[in-house]
Amino acid sequence: FNFANRKINMFKLMSIKLGIAPIAWSNDDMPELGGDTPIEQCLEEASLAGFTGIELGGKFPRNSGIIKFLLQKYKLSLPGGWYGSLLRERSIEDEWSAMQGHIQLLQHVNASVFVFADVSGSIQGDINSPLSKRPQLENHEWPEYCKKISDISNRLNDVGLPMSYHEHMGTFIQTEKDVDRFINETNDKTYLLYDTGHLLFAQADYQAILKKYISRINHVHCKDIRKNVLENSLAKDLSFRESFLDGTFTVPGDGCIDYLPLLSTLHENNYNDWLVIEAEQDPKKANPFEYAKIGFKYLTNIMNEVGYKI
């Protein structure tokens, strides 16, 4: 009797896609971090580290033909890319109009999701604003805002780019309470981008959120946290920018998050979309290529353990 074979047969092998975000190489919010790094270096190193996908970043040209050429050259796919919305302040029609260029670019490169975040009043880029000062929706705003989101979600679904709403530090969808209300008041075409690092930073029960809303999650950002740096940030009520410059975020395998139960939950619920490593760090302090390899090795080991294959 071969126990090893028995162990393999206890779960089904399932394919999953593993990508990375370019933010470790060059930061869109702070161009001084990796601003001199060419996009070709980022793509080449992402591919060499083993990844099959990379998200859209500020260094990418906004010509879909050139993007396709670069992706093919480095054997990468593009699962999606961040869009900073102002839907809280705009009408549905104004927001939809503003989204068209991003939609068309993502369609042309065969992206999987539309990563949507509302940055109305966001303090994520303000180094002088502590996170305790982040914007919040008033109670009376929630029904109308969620109705607007559901409308946008329907439209995105119709064009083949499902909404993937990014809960994010410094915005008004940040905490577990925010996520609960957001999911409960939007329609079933509105999906969540599940970001481990942002949820832990917001002191949410990220394992419970994954289990509770797995059917509404269509994209996963694997971001890890250095616990001691996070504790210092929370104790001092630092700004989001100060926190990540101090090194709050890192790649999976270099922080305090155990991804085994998370990937097990995803596998048990037949999640087979993208896992994307995203960890904004100062590239001079944390070499992007070396950290990409750390994250890839750690996640692929766990993926193999729970029954995933790339």
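Q: In this predicted model, which residues of β6 are buried on each of its two faces?
A: Think of how side chains in a regular strand alternate between the two faces of the sheet. In β6, both faces are covered. One side has Met163 and Tyr165 buried, and the other has the buried pair Ser164 and His166.

Q: Which residue of β6 is the bridge partner of Phe114?
A: Strands of a sheet pair through backbone hydrogen bonds, either parallel or antiparallel. For β5 and β6 the sense is parallel, over three bridges. Within β6, Phe114 has as its bridge partner Met163.

Q: Which strands stand at the edges of the open sheet?
A: The sheet has eight strands with parallel pairing, in the order β3-β2-β11-β8-β7-β6-β5-β4. An edge strand has a single partner, so one side of it is left without a neighbour in the sheet. The two that fit are β3 (53-54) and β4 (82-85).

Q: What is the bridge partner of Gly19 in β3?
A: β2, covering residues 17-20, pairs with β3 in the parallel sense over two bridges. Follow Gly19 across to β3 and you land on Gly53.

Q: At about what angle to β6 does helix α5 run?
A: Helix α5 spans residues 142-158 and lies across three strands, β5 (114-118), β6 (163-166) and β7 (190-195). Take β6 as the reference, and α5 runs at about 140°.

Q: Is Leu87 buried or exposed?
A: Leu87 sits in the loop between β4 and α4 (92-108). Leaving out residues up to four places away in sequence, Leu87 touches a list that includes Phe116, Tyr145, Ile149 and Ile152. The cut-off for buried is under 20% relative accessible area. With a value of 0%, Leu87 is buried.

Q: What distance separates the C-alpha atoms of Leu87 and Lys148?
A: Along the chain, these two are 61 residues apart. Even so, Lys148 is among the residues that Leu87 touches. Their C-alpha atoms are separated by 7.7 Å.

Q: Which side chain is joined to that of His219 by a polar contact of 2.6 Å?
A: His219 belongs to strand β8 (residues 217-222) and counts as buried at 1% relative accessibility. The residues His219 touches include Val113, Ser164, Tyr194 and Trp274, not counting residues up to four places away in sequence. The polar contact joins the His219 side chain to that of Glu55.

Q: Which side chain is joined to Ser132 by a polar contact of 2.5 Å?
A: You'll find Ser132 in the loop between β5 and α5. Ser132 is partly exposed, at a relative accessible area of 46%. The side chain in polar contact with that of Ser132 is Asp237.

Q: What distance separates the C-alpha atoms of Ser132 and Asp180?
A: Here we have a pair 48 residues apart along the chain. From C-alpha to C-alpha, Ser132 and Asp180 are separated by 20 Å.

Q: How many Å does helix α12 reach from its first C-alpha to its last?
A: α12 takes in residues 288-306, which gives 19 residues. At 1.5 Å a residue, the expected reach is 27 Å. The model comes close to that, with α12 reaching 27 Å.

Q: What arc do the buried residues of α12 cover around the axis?
A: An α-helix has 3.6 residues a turn, so residues three or four places apart point the same way. Among the buried residues of α12 are Phe289, Ala292, Phe296, Leu299 and Met303. The buried set lies on the same side of α12, because it covers an arc of only 165°.

Q: Which residues are exposed on the other side of α12?
A: Pro288, Tyr291 and Ile302 are among the buried residues of this helix. Turn to the other side of α12, and the exposed residues there are Lys297 and Asn304.

Q: Which residue at the start of α12 has a side-chain oxygen within 3.1 Å of the backbone nitrogen of Phe289?
A: Phe289 is one of the buried residues of α12. The side-chain oxygen that reaches to within 3.1 Å of its backbone nitrogen belongs to Asn287.

Q: What is the phi of Lys75, about?
A: Lys75 lies in the loop between α3 (64-73) and β4. Lys75 is exposed, with a relative accessible area of 68%. Although Lys75 is not a glycine, its phi is positive, at about 55°.

Key
Residues are numbered from 1 along each chain as its sequence is written. This is a predicted model: local features need pLDDT of at least 70, side-chain atom pairs count only at pLDDT 80 or more; totals for chains, interfaces and linings use all residues. Side-chain values use heavy atoms; hydrogens and water are left out. Helices (H or I, at least four residues) and strands (E, at least two) are DSSP runs, numbered from the N terminus. The expected span of a helix is 1.5 Å times one less than its number of residues. Buried means under 20% relative accessible area, exposed over 50%, partly exposed in between (1.4 Å probe, protein chains only). The arc is that of the directions from the helix axis to the C-beta atoms. A polar contact is a pair of N or O atoms within 3.5 Å; within protein, one must be able to donate a hydrogen and the other to accept it, and residues adjacent in sequence count only if both atoms are side-chain atoms. Two strands pair if DSSP finds at least two bridges between them. Contact means heavy atoms within 4.5 Å. Axes are lines fitted to C-alpha atoms, for helices over the stretch in contact, and angles run from 0 to 180 degrees between N-to-C directions.
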